[in-house]
Amino acid sequence: MQLKIHEFDLPLAHTFTISRESITVQKTLIVELEEDGYRGYGEATTNNYYGFTFENMAAAIERVRGDLESHTLEDPVALWQQLHPKLKDNPFAQCALDQAAHDLWGKKLGQPVYRLWGLEAKNLPPTDYTIGIDEIDVMVAKMQEFPDWPIYKIKLGTAHDLDIVRALRKHTTAIFRVDANCGWSAEETIRNSHELKQLNVEFIEQPLPADQNDAMEQVYRDSALPVIADESCIVESDVDRCVNRFHGINIKLVKCGGLTPARRMITRARELGLQVMVGCMTESTVGISAIAQLLPLLDYVDMDGALLLAKDIATGITIERGNCKYSSEPGCGVKLI
């Protein structure tokens, strides 16, 4: 295989605000793996909260350049296992490589990745569309830019969270999900859950900081709505710790290290009776198309990252009113523009 690393700045259509930060541009790293004239692509966005920059991801990937360029791809899982000892401290970098290896694998074999896994594109969950924190009238306007969407995910963590949801509810009958990004206390979560349920909210994502395990047990017992782990479920070993604290988990490919460990996390969550969601980190269509390969395995999905961009860098899957349409290209279906 031949390796190339690309750097892109992804401009957002709107300033995107969650409880801990606001961004207008998302920097991302794209891995390109080429073999026998086929090109596979994978992505990892930078992230201040988790401490992964373009520079430290690129440096990690360069450390395995020799392994890659002496390797003939037959099995992405085997490649993941081979590279993991050198990349275990940088799952974002390993994610980009793992996505690219899967895309290349499918292109070499002429099949979509999900089909090579033995899955069928049936009963796929629709994706939500995320509304970042802003003035209420701006949040309403953002929602109305994507009318008739089946599900909206509302970022919360302000002093007037219920007012936000009440105002948005006046403009749609769609399902709501709310994500506090660690911005609430246990008492606030339990209190809010009762009114949020009346406002047709489906679940609450990561209400408490990830280290508040005892408090999450209280929320799990007393919340009127299901709670889904995000920051509390980063890697495979976290899945078991979510039992009796959350009703489900939200897997992020960059945080766990790619499609290979994500599939194992899904299997383990099912064994434990947890619901499964996969989320995005404002990726371009490169990363979103990788997430789409997992859709037949999921209860919920948040794969709207490319829809939040002012300009994309790739083609692949497309999304129409929440529903995924796969590319006619094999692999993950990705081509850089």
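Which residues line the largest cavity? In this predicted model, a search of the whole structure finds two cavities of 30 Å³ or more, and about 90 Å³ of space lies in the largest of them. The lining of the largest cavity is made up of Ala13, His14, Thr15, Phe16, Tyr129, Thr130, Ile131, Gly132, Lys142 and Leu308. At least two of these lining residues come from each of strand S1 (2-17) and strand S4 (129-131), and the largest share, four residues, is supplied by S1. By character, the lining of the largest cavity divides into five nonpolar residues, four polar residues and one charged residue.

The second largest cavity has a volume of about 40 Å³, and its lining consists of Pro76, Leu79, Trp80, Leu83, Gln94, Leu97, Asp98 and Ala101. Helix H3 (76-87) and helix H4 are the elements that give two or more residues to this lining. Six residues of the lining of the second largest cavity are nonpolar, one is polar and one is charged.

Open space was also examined, and the largest pocket holds about 470 Å³. This pocket is lined by 30 residues, of which Glu21, Gln26, Asn47, Met281 and Thr282 are the closest to its centre. Two or more lining residues are given by strand S2 (22-35) and by S5, with S2 giving the most, four residues. The lining of the largest pocket comprises ten nonpolar, eight polar and twelve charged residues.

In soluble globular proteins, nonpolar side chains tend to be buried together. In the present model, the largest nonpolar core contains 109 residues, among which Leu33, Leu97 and Met303 touch the most other members. The element that gives the most to this core is H4, with nine residues. Leu97, which also belongs to the lining of the second largest cavity, touches Leu3, Val31, Leu33, Ile61, Val64, Leu68, Leu83 and Leu87, when residues up to four places away in sequence are not counted.

Helix H4 (residues 91-109) also contains Trp105. Because its relative accessible area is 14% and the cut-off for burial is under 20%, Trp105 is classed as buried. Leaving aside residues up to four places away in sequence, Trp105 touches Leu73, Glu74, Pro76, Val113, Leu116 and Trp117; of these contacts, Pro76 is also listed in the lining of the second largest cavity. The C-alpha atom of Trp105 is separated by 47 Å from that of Ala167, which stands 62 residues apart from Trp105 along the chain.

Ala167 is one of the buried residues of helix H7, together with Asp161, Leu162, Ile164, Val165, Leu168 and Arg169. Since seven of the nine residues of H7 (residues 161-169) are buried, this helix is largely enclosed by the rest of the structure. The cover over the buried residues of H7 includes helix H6 (136-144), strand S5 (151-155), strand S6 (175-179), helix H8 (186-198) and strand S7 (201-205).

A buried charged residue is found outside the helices and strands, as Asp238 lies in the loop between strand S8 (227-229) and strand S9 (248-252). With a relative accessibility of 11%, Asp238 falls under the 20% cut-off and therefore counts as buried. A polar atom of the side chain of Asp238 lies 2.8 Å from the backbone nitrogen of Ile234. Apart from residues up to four places away in sequence, Asp238 touches Ser232 and Cys233.

Notes
Residues numbered from 1 in each chain as written. Predicted model: local features only at pLDDT ≥ 70, side-chain atom pairs only at ≥ 80, totals over all residues. Heavy atoms only, no water. Buried < 20%, exposed > 50% of the residue type's maximum accessible area, 1.4 Å probe, protein only. Contact = heavy atoms within 4.5 Å. Core = buried A, V, L, I, M, F, W, Y, C linked by side-chain atoms within 4.5 Å. Polar contact = N/O pair within 3.5 Å; in protein donor to acceptor, adjacent residues only side chain to side chain. 1 Å grid on protein atoms, 1.4 Å probe; cavity = no way out; pocket = protein on both sides within 12 Å on 5 of 7 lines; lining within 4 Å. Points joined across faces, edges and corners; volume = space filled by probe spheres on them.
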